[in-house]
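Take a look at the model below. This report walks through its helices, its charged pairs and a few single residues.

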Amino acid sequence: MASTFFGLTIAGSALNSFQAAVNTTANNISNVNTKGYTRQQAVRYAAEALRVRERYGMAGSGVTTTEIIQTRDFYYDVKYWENNAKLGLYDSKLYYSQQVENFLLNDENVKGFTTIMDEMFGALDEVHKTPEDRDARQAFISKSQNLANFFHSMYIGLQQIQEDCNQEISTQVDQINGIAEKIALLNRQINVIELQGVNANELRDERALLIDELSDLVHVEVKETNVVDSQHPDVFTGATNYIVKINGQTLVDRFDYNTLEIVAREKKINQSDADGLYDVRWKGDNIPFNVSGKGCTGRMKALFDMRDGNNNEGFSGIVDSVRAGQNGDIVTIKYPSITDINSMNMADDGIITLNNTDYRYSGFSYNADTQTYEFQLKRTLSVEEREDLNNRKVNIGENIDAMGIPYYQAQCNSFLREFAKQLNNIQKSGVDIDGQLAGAFFVAGNASDGSEYDFADYDANGSMSTFKNDYYKLTAGNVKVSNTLIKNPDKMATISEEDYNNGVANQALTEAMMKLKKDVKMFRGGAAEEFLKCLITDNSVDTQKSETFYNNYSNISETIIQKRMSISAVDEDEEALDMLRFQNAYNLASKMVQTLTEMYDRLILETGV
């Protein structure tokens, strides 16, 4: 049967239980503005009833507080992490798209390009009027060099944005590694505590806050499973396995974590890339970090898109054959994705991926008749390797569906090659003041020795080689007016050789040059003066897309946060009501103790029991 003081035990259990409830409420109230804090709740159950061997059978033994839990919904956590990664993606894309936009729409650039083109062709008009005037020739050459300087500035500005993206990638790699280390440490601390049968709520809040932070950078997947007794699978030990994956690859597995590292590229992927761009790999395993998968999102993805994005205009093809060469094997590529010399954006000395294996190459050539490439590898392959490569896929870098810096650089190069080619063809068809055949007007500077590429090996049929003096060598970073013309304006051609020999004052050459501004299709079906408008249009579309998606995901984020907070956040009014409710229950339990005390006094002191 029940003890004589059984009632006092029941009342005492109520005091203890509601004391725990009041303490939990006080903790909630004190953390009402704490970032990442999850509302806690004391869980109470009726204590196990006792058999008292009376007619009424069993008697309740009071109340028991079993645990203090978090009021958190994992479903909304997952939705928040997924959306937060997309929000971070478009936030970062919008920022860097606006950086490019600000650069392209800079008054100095917009007015500069238009003004430079007007001044250049205005000076050409003066040459057209007075071709013998040395000052007029000098003015045109000077204005033409201004155009080259404009593209130098654009090249440097775009590279600076690319380098900013590159540096931020390095910063985010460090941030991800730091988060991984903290999560692994928290996993150990949480398990140590929860193996003792209590919930490590504050540590779980700290871990969830780290996942929130991580989800802004990369796509995050979290899985937590219970650790059971191997001898008794139905028995939960209290420990858990907590696994975190980013972009589908494991970052944290319980107490262990993997780290990322940055590796500077030895060779460029795109012709106009900045030097030393980073590749990101898993430290120790030398496995590339996946940033181009279908489900990859987050700020890291945006940075790679802006730094390496080529609008799916990268080089690809199929291996046709592999043969031995003098300094290494030569790989012939058929069905190439790029068949226009002006659009070639591959580095002349870089890495080519054949059948998912990287090989170094020292140059390449293109045959327009057969539409095939030949890449000069820096090593000799075995017979088995050669046979295995036949009809395999080929690519340089990746096709990235984003208008990043390589895309804008390639557009500048493409325009300049065509513009320089057409102007040079006109110049080379004429003679200078002395009747000597003129050379190239626009050339490419050779940074290695200070010489100039004058495109003497240009093939009008479209074939080219990086080992030759061809228009592939011309980029926005090295275009210039020939030193010969700068030093001696008389070397500029204004008349054909035939007319010069016949003594005819024909101005057909300068007239043809003047048509290059408006009347000749130069770039994407437009005239030369429309070049910058095309780039601004591309960027505006990309910026508008990023802004639209950013606003959409911001709205979704607000909705998810509200749903999340409605469950997890501390509500001051609700806590105030709980405080009063638990206080009242505590007071009633106290009165019960007082009542039972009086009863026991009467029982002991007055009945002599």
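## Two covered helices

Of the 15 residues of helix 5, 11 are buried, so this helix is largely enclosed by the rest of the structure. Keep in mind that the model is a predicted one. The buried residues of helix 5 include the nonpolar Leu-203, Ala-208, Leu-210, Ile-211 and Leu-214. Charged residues are buried there too, among them Arg-204, Asp-205, Arg-207 and Asp-212. Asn-201 and Ser-215 also belong to the buried set.

The length of helix 5 can be checked. Helix 5 covers residues 201-215, and at 1.5 Å a residue it should span 21 Å. Its end C-alpha atoms are 21 Å apart, which agrees.

Now turn to helix 6, residues 299-308. How many of its residues are buried? The count is 10 of 10, so to speak a helix that is mostly covered. The buried set of helix 6 includes Met-300, Leu-303, Phe-304 and Met-306. Arg-299, Lys-301, Asp-305, Arg-307 and Asp-308 are among its buried residues as well. What do the buried residues of helix 6 pack against? They pack against helix 2, helix 4, strand 10 (278-282) and helix 8 (405-428).

## Salt bridges

The structure holds 36 salt bridges. Three of them are set out here.

| Pair | Closest N and O atoms |
|---|---|
| Asp-118 and Lys-517 | 2.5 Å |
| Arg-134 and Asp-490 | 3.5 Å |
| Arg-524 and Asp-538 | 2.7 Å |

Start with Asp-118, which forms a salt bridge with Lys-517. Asp-118 lies in helix 3 (residues 107-129), and Lys-517 lies in the loop between helix 11 (508-514) and helix 12 (531-568), so the pair ties together parts that are 399 residues apart in sequence. Are these two residues buried or exposed? Asp-118 is partly exposed, with a relative accessible area of 39%. Lys-517 counts as buried, at 12% relative accessibility.

Next comes Arg-134, which forms a salt bridge with Asp-490. Arg-134 lies in helix 4 (residues 134-194), while Asp-490 sits in the loop between helix 9 (483-487) and strand 23 (495-496), so this pair ties together parts that are 356 residues apart in sequence. Arg-134 counts as partly exposed because its relative accessibility is 39%.

The third pair is Arg-524 and Asp-538. Arg-524 lies in the loop between helix 11 and helix 12, and Asp-538 lies in helix 12, so the parts tied together are 14 residues apart in sequence. Arg-524 is partly exposed at 45% relative accessible area. Asp-538 counts as buried, with 9% relative accessibility.

Salt bridges can also link up. Which residues form a network of salt bridges? Arg-39, Glu-574, Glu-575, Asp-578 and Arg-581 are linked in this way.

## Two buried residues and their contacts

Thr-71 lies in the loop between strand 4 (63-70) and helix 2 (74-104). With 13% relative accessibility, Thr-71 counts as buried, because buried means under 20%. What does Thr-71 touch, leaving aside its neighbours within four places in sequence? Its contacts are Thr-38, Arg-39, Gln-41, Ile-567 and Ser-568. A polar atom of the Thr-71 side chain lies 3.1 Å from the backbone oxygen of Ile-567. Arg-39, a contact of Thr-71, also belongs to the salt-bridge network.

Gln-249 is found in strand 7 (residues 249-253). Gln-249 is buried, with a relative accessible area of 17%. Not counting residues up to four places away in sequence, Gln-249 touches Val-244, Trp-282, Ile-287, Pro-288, Phe-289 and Asn-290.

## At the surface

Which residues form a nonpolar patch on the surface? They are Phe-5, Leu-8, Ile-604 and Leu-605. Together these residues have about 380 Å² of accessible area. Ile-604 is found in helix 13 (residues 572-606). Ile-604 is partly exposed, with a relative accessible area of 43%.

Ile-556 is found in helix 12. Ile-556 counts as partly exposed, at 39% relative accessibility. How many residues apart in sequence are Ile-556 and Tyr-472? They are 84 residues apart in sequence, and 47 Å apart in space, C-alpha to C-alpha.

Terms used. Residues are numbered from 1 along each chain as its sequence is written. This is a predicted model: local features need pLDDT of at least 70, side-chain atom pairs count only at pLDDT 80 or more; totals for chains, interfaces and linings use all residues. Side-chain values use heavy atoms; hydrogens and water are left out. A salt bridge is a side-chain nitrogen of Lys or Arg within 4 Å of a carboxyl oxygen of Asp or Glu. Helices (H or I, at least four residues) and strands (E, at least two) are DSSP runs, numbered from the N terminus. Buried means under 20% relative accessible area, exposed over 50%, partly exposed in between (1.4 Å probe, protein chains only). A polar contact is a pair of N or O atoms within 3.5 Å; within protein, one must be able to donate a hydrogen and the other to accept it, and residues adjacent in sequence count only if both atoms are side-chain atoms. Contact means heavy atoms within 4.5 Å. Patches are made of residues with over 30% relative accessible area and no salt bridge: like charges are joined within 9 Å, nonpolar side chains (Val, Leu, Ile, Met, Phe, Trp, Tyr) within 5 Å. Accessible areas come from the Shrake-Rupley method with a 1.4 Å probe; for residues, only the protein chains shown count as cover. The expected span of a helix is 1.5 Å times one less than its number of residues.
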